[in-house]
Amino acid sequence: MTIIDIARNKALEQGQGLNQDELVQVLRCSDDELKMLADIAHQTRLQWCGPDVSVEGIISIKTGGCPEDCHFCSQSGLFESPVRAVRLNIEELVEAARKTAKTGATEFCIVAAVKGPDEGLLAQVEQAIAAILDEVDIEISVSLGTLTREQAKRLKDMGAQRYNHNLETARSFFPQVVTTHSWEERRRTLDYVREAGMEVCCGGIIGMGETLEQRAEFASQLADIEPCEVPMNFLDPRPGTPFAQRPLVPMGEALRAVAAFRLAMPSTTLRFAGGRELALGDDGTERGLLGGINAIIAGNYLTTLGRRIEKDVDMLGRIDLPIKAL
């Protein structure tokens, strides 16, 4: 049975994710096979997720000065990057959420560059969530690093619906990306998030030097966690970071990764995140949305520029994909 037949039978018809060995075949497929696999990935997404595209805006409540050494990240205080520590106040967060909702987005994510939240940050987040929910009709997601069980419960009680904590890469490759904390620590936070009753959002970055086999391993490990949402980032090499000289992910590789992640997780929300403009451009972004992706982060990212959110909304209309309603 060819990988085309396997993908059609397992993912599209049964809603069952492909295993790691099968995902390697997807990642190594020919250009002709890619066209067919991307179409199967798109049909799988329509079958098991529906046609709607979820649009999300994100903002950093605290940028830069992070004590961790994630080699891709310009927010680390350990690297000589151009990013410097900045905090936003509550009024700015409410206004950002209001602008995000006006574009048609249904989700707003509050992010902080920290190892984990201290009491002061949790108090600020609590005030921000209350103020946003009081004035804006939007769902709130949060990403504040490593959590304790008690902190996860507090965030749920505050009104956070979803928590983002990316595994970043395959477990076997993780030590090449981060040394100040472990893959297991991140996984433990995800367990606390699920236990508290929040939705789990967990993804990572493609193109940090991992092999195709490790890329397939990563997709399989995410599938095992069963997140409700997987953000797919493509490395945007940032000045001053250890990965500053890494090459960009070629479009063909990026589209193969999109197809593989969808075929690994037929019913999961798969969201385009940072780096898609560099790896895919306009044409590749549209192909990704017709090749397995069913959600996007629109507007700017945490430390890099994205596309104007209006441009993404226009694109969705052009390819006849409806924006998810709140």
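Which elements make a right-handed β-α-β unit with β3 and β4? Welcome to this structure: the partner is helix α5 (residues 119–135), which joins β3 and β4 in that right-handed unit. The model is predicted, so local features need pLDDT of at least 70 and side-chain atom pairs count only at pLDDT 80 or more, while totals for chains, interfaces and linings use all residues. Residues are numbered from 1 along each chain as its sequence is written, and side-chain values use heavy atoms, with hydrogens and water left out.

**The chain as a whole**

- The protein chain holds 11 helices and 10 strands; these are DSSP runs numbered from the N terminus, with helices being H or I over at least four residues and strands E over at least two.
- Of its 326 residues, 57% count as buried, where buried means under 20% relative accessible area, exposed means over 50%, and partly exposed lies in between (1.4 Å probe, protein chains only).
- Among contacts in the protein chain with a separation of 6 or more, 76% come from residues 24 or more positions apart; a contact means heavy atoms within 4.5 Å.
- About 13,300 Å² of the protein chain is exposed, and carbon and sulfur atoms supply 48% of that area, as computed by the Shrake-Rupley method with a 1.4 Å probe, where for residues only the protein chains shown count as cover.

**Around strand β4**

- Strand β4 (residues 139–143) is mostly covered, with 4 of its 5 residues buried.
- Strand β3 (residues 107–112) pairs with β4 in the parallel sense over 5 bridges, and Glu 107 stands opposite Glu 139 in β4; two strands pair if DSSP finds at least two bridges between them.
- β4 also pairs in the parallel sense with strand β5 (residues 162–164), over 2 bridges, and here Ser 141 stands opposite Arg 162 in β5.
- β4, helix α6 (residues 149–158) and β5 make a right-handed β-α-β unit; right-handed means that, with the strands pointing away from the viewer, the path from the first strand over the helix to the second runs clockwise.

**Two glutamates with positive phi**

- Glu 168, in the loop between β5 and α7 (183–196), has a phi near 75°, a positive value in a residue other than glycine.
- Glu 226 is not a glycine either, yet has a positive phi of about 60°; its place is the loop between α8 (212–225) and β8 (229–234).
- Glu 168 is buried, with a relative accessible area of 8%, whereas Glu 226 is exposed at 58%.

**Aromatic rings**

- The whole structure has 2 aromatic pairs; rings of Phe, Tyr and Trp (its six-membered ring) pair if their centres lie within 6.5 Å, with planes under 30 degrees apart counted as stacked, over 60 as edge-to-face and the rest as tilted.
- Phe 218 and Phe 261 form an edge-to-face pair, 5.9 Å centre to centre with 75° between the planes.
- Phe 218 lies in helix α8 and Phe 261 in helix α9 (residues 251–264), so the pair ties together parts 43 residues apart in sequence.
- Phe 218 is buried at 2% relative accessible area, and Phe 261 is buried at 3%.

**Leu 34 and its neighbours**

- Leu 34 belongs to helix α3 (residues 31–49) and counts as buried at 6% relative accessibility.
- Leaving aside residues up to four places away in sequence, Leu 34 touches Cys 29, Gly 252, Leu 255 and Arg 256.
- The C-alpha atoms of Leu 34 and Glu 253 are separated by 10.0 Å, although these residues are 219 apart along the chain.
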